[in-house]
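Got the viewer open? Let's take a walk through this model, one selection after another.

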Amino acid sequence: MKIIIVFLGTISLISAVSILDKREDSNDDCLMCSDDSNCISPWMFCDGYGDCKNEEDEIESICKAVPCKQSEVKCRNGLQCIEEKAQCNGYVDCADGSDESLQTCKERSCGENKVKCQDGIQCIPEQNICDGWTRCNDKSDEEPAFCKDYECPKLRIKCRNQMQCVSWFSLCDGVDTCSDKSDENLDFCKEAYLG
């Protein structure tokens, strides 16, 4: 089934309610652009990208009226819905950047098994702290002074240089995981396993 979007001036005959109804359906219906340039999924409506050549799928009055799914939140400008878990993850999903703004993220808790980066904005999984890979945009998760004092979470162990946490399962497995290669040092592995 195709629904054709028809515009008379700036007034759409498609209502925000019918868009929401289509978004809640799990079938393959699409919405035909009035210029016949594309047949777009209801999920492409008000996503911050003009999928119709004339960009009628991003008309402000319609997008502001379209409610988000239960697992989504509106961007600050009210034009776009994003998954709630996409807020404060270090990647801009809202066209207006509000999902990664200080105002949005400062008061937001990170959720289970996640921690805030030092900037107070971005949240990363706790297991990614001091793992040798920078994930915080401010690089605080791999800051040497912080990592030296950081206690590794359960099932992870500090490399000999005290700068990195690696999985116990990576000890003496034939692959250098620690930046100082201590996880492949037989004495280090014995010491780690025997205490």
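Start by selecting Asn54, which sits in the loop between β5 (39–40) and α2 (60–65); helices (H or I, at least four residues) and strands (E, at least two) are DSSP runs, numbered from the N terminus. Asn54 is partly exposed, at 40% relative accessible area. On that scale, buried means under 20%, exposed over 50% and partly exposed in between (1.4 Å probe, protein chains only). Now add Cys33: 21 residues separate it from Asn54 in sequence, and the C-alpha atoms are 8.4 Å apart. Show Ser34 and Asp35 too, since Asn54 touches both, not counting residues up to four places away in sequence (contact means heavy atoms within 4.5 Å).

A word on what you're looking at: this is a predicted model, where local features need pLDDT of at least 70 and side-chain atom pairs count only at pLDDT 80 or more, while totals for chains, interfaces and linings use all residues. Residues are numbered from 1 along each chain as its sequence is written, and side-chain values use heavy atoms, with hydrogens and water left out.

Colour by pLDDT, the predictor's confidence in each residue from 0 to 100. The chain's mean is 83, with 85% of residues at 70 or more. Over residues 1–17 the value is below 50, though this stretch has 37 contacts in the model beyond near neighbours in sequence. Where pLDDT is low, the predicted coordinates should not be read in detail.

Next, salt bridges (a side-chain nitrogen of Lys or Arg within 4 Å of a carboxyl oxygen of Asp or Glu). There are four in the structure; here are some stops among them.

- Glu60 and Lys64: the side chains meet at 3.5 Å, N to O. They are four residues apart in helix α2, so about one helical turn separates them.
- Arg108 and Glu84: the closest N and O atoms are 3.9 Å apart. Arg108 is in the loop between α3 (102–105) and β8 (114–116) and Glu84 in the loop between β7 (81–83) and α3, so the pair ties together parts 24 residues apart in sequence.
- Asp131 and Arg135: this pair meets at 2.5 Å, N to O. Asp131 is buried at 9%, whereas Arg135 is partly exposed at 34%.

Last stop: Asp183, in the loop between β11 (165–167) and α5 (186–194). Which side chain of opposite charge is nearest to it? That's Lys181, 8.3 Å away; Asp183 is buried yet has no salt bridge. Zoom in on its side chain, and you'll find the backbone nitrogen of Thr177 at 2.9 Å.

Note on methods:
Lys and Arg count as positive and Asp and Glu as negative; His and the chain ends are not counted. A polar contact is a pair of N or O atoms within 3.5 Å; within protein, one must be able to donate a hydrogen and the other to accept it, and residues adjacent in sequence count only if both atoms are side-chain atoms.
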